[in-house]
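The following note is intended for a colleague beginning to read this model. Please examine the sequence and the structure before turning to the numbered points.

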Amino acid sequence: MKCATVTIIGRPSAGKSTLVNTICEAKVSITARTPQTTRNAIKGIYTDSRGQLVFTDTPGYHTSDKQFNKRLQDVALSALEDSDIILYVIDASRQPGEEEEAIAGLLSKITKTPVICGINKADILTEIQKETATSFLQKQLPASPVLTFSAQEDTGIDELLITLFSHAPESEPLYPEETFTDQPLEFRIAEIIREKAIRLSREELPHSIFVEVSDLEYNEEESKVWVRAFINVERESQKGMVVGKGGDNIKKIRKESFKDIKKIFPDLQLTIDLRVKTQEKWRQDSGLLDKLLT
Ligand SMILES: Nc1nc2c(ncn2[C@@H]2O[C@H](COP(=O)(O)OP(=O)(O)OP(=O)(O)O)[C@@H](O)[C@H]2O)c(=O)[nH]1
Ligand SMILES: [Mg+2]
């Protein structure tokens, strides 16, 4: 059997989380159009007859001096350590630019770990975009294989898995076959709610939101589960944006969250109590960031 840990790195919105979800055939990591959706090192586990690949999805690598962005960078960089394979995902629908050069430069210095390059979003790329990305990668990382796929459309993924397994060491699986993630339940629920809040809010809000699940209670006799969660924003004025007119928006967030959370508890009657709270300048609170960004 083969088994490898695979860290996925790339710019914000390259499609890293979509890729993990497609490979693992499960909602492991939340996705959204807005950049910097992922904030943690999130494991997605894929097992077949060849063996096991333990992916770590990471926050999009964004060069910035702001404390919050630096902390996200740290999460991504520390996931690179001790990984058997690095999968560098690029979105060739955007020009490479400075940020892509920073990541490629960083990866070119890594000699002990194989780096596989993946050009994502093949479904929307022109031939010129594919060629530009391929020549960028061949120049920056000449020793690395380059594959092209669409995480969203699930094309080219079999070839990617073949390449990853070919670089995987012989080893026993790290997780039981049916496991697809190692995230605690409260974290998965908080992330689902954050995804819906991000998707249902305007431009500036996604970065200002974090979600905490404060209570998760089971009543086994009555087959019930009860969740209380808080959507936290940075400023009092943002509360109204999350809640919406007459509570319209928060109702939508709750409804959409319910659909996904229900999949975690298919046999239980689910109740979600969702509230909005302000935590002034939470992105500058190092203690809180220590808890939130792991
Ligand atoms: N057309 C197309 N869109 C894609 C593909 N993969 C991902 N996307 C879209 O790209 C956007 C970003 O996807 P994510 O998976 O959240 O990207 P990410 O790299 O995890 O982003 P961060 O967590 O912010 O770093 C979403 O709107 C996805 O639907 C793809 O193969 N084709
Ligand atoms: Mg992501």
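How far apart do the end C-alpha atoms of residues 201–280 lie, and what shares of the span are helix and strand?

1. This is a predicted model. In it, the end C-alpha atoms of residues 201–280 lie 19 Å apart. That span is 31% helix and 38% strand. The UniProt record, an unreviewed entry, lists residues 201–280 as "domain: KH type-2".

2. A second annotated span comes from UniProt, where the unreviewed entry places "domain: Era-type G" at residues 2–170. Over residues 2–170, helix accounts for 35% of the chain and strand for 22%. The end C-alpha atoms of this span are 4 Å apart.

3. The next topic is the ligand. The largest pocket is the space taken by ligand 1. Around ligand 1 there are 23 residues, and the closest are K16, T18, Q36, T37 and D123.

4. The shell around ligand 1 may also be described by class: 12 residues are polar, six are nonpolar and five are charged. Helix 1, which covers residues 16–24, gives the most to this shell, with three residues.

5. Individual atom pairs give a finer view. An oxygen atom of ligand 1 lies 2.8 Å from a polar side-chain atom of T38. For K121, an N or O atom in the side chain is 3.1 Å from an oxygen atom of ligand 1. With D123, the partner is a nitrogen atom of ligand 1, which lies 2.8 Å from a polar side-chain atom of that residue. Taken alone, ligand 1 exposes 660 Å², and the protein buries 90% of that area.

Note on methods: Residues are numbered from 1 along each chain as its sequence is written. Chains are lettered from A and ligands numbered from 1 in the order in which they are written. This is a predicted model: local features need pLDDT of at least 70, side-chain atom pairs count only at pLDDT 80 or more; totals for chains, interfaces and linings use all residues. Side-chain values use heavy atoms; hydrogens and water are left out. A residue is near a molecule or strand if one of its heavy atoms lies within 4 Å of it. A polar contact is a pair of N or O atoms within 3.5 Å; within protein, one must be able to donate a hydrogen and the other to accept it, and residues adjacent in sequence count only if both atoms are side-chain atoms. Accessible areas come from the Shrake-Rupley method with a 1.4 Å probe; for residues, only the protein chains shown count as cover. On a 1 Å grid over the protein atoms alone, a cavity is a set of points where a 1.4 Å probe fits but cannot get out, and a pocket is an open set with protein on both sides within 12 Å along at least five of seven lines; lining residues have an atom within 4 Å of a point. A molecule sits in a cavity or pocket if more than half of its atoms lie within 2 Å of its grid points. Helices (H or I, at least four residues) and strands (E, at least two) are DSSP runs, numbered from the N terminus. Ala, Val, Leu, Ile, Met, Phe, Trp, Tyr, Cys and Pro count as nonpolar, Asp, Glu, Lys and Arg as charged, and the others, Gly among them, as polar. UniProt positions are given in the numbering used here, feature names are shortened, and annotations may be inferred rather than shown by experiment.
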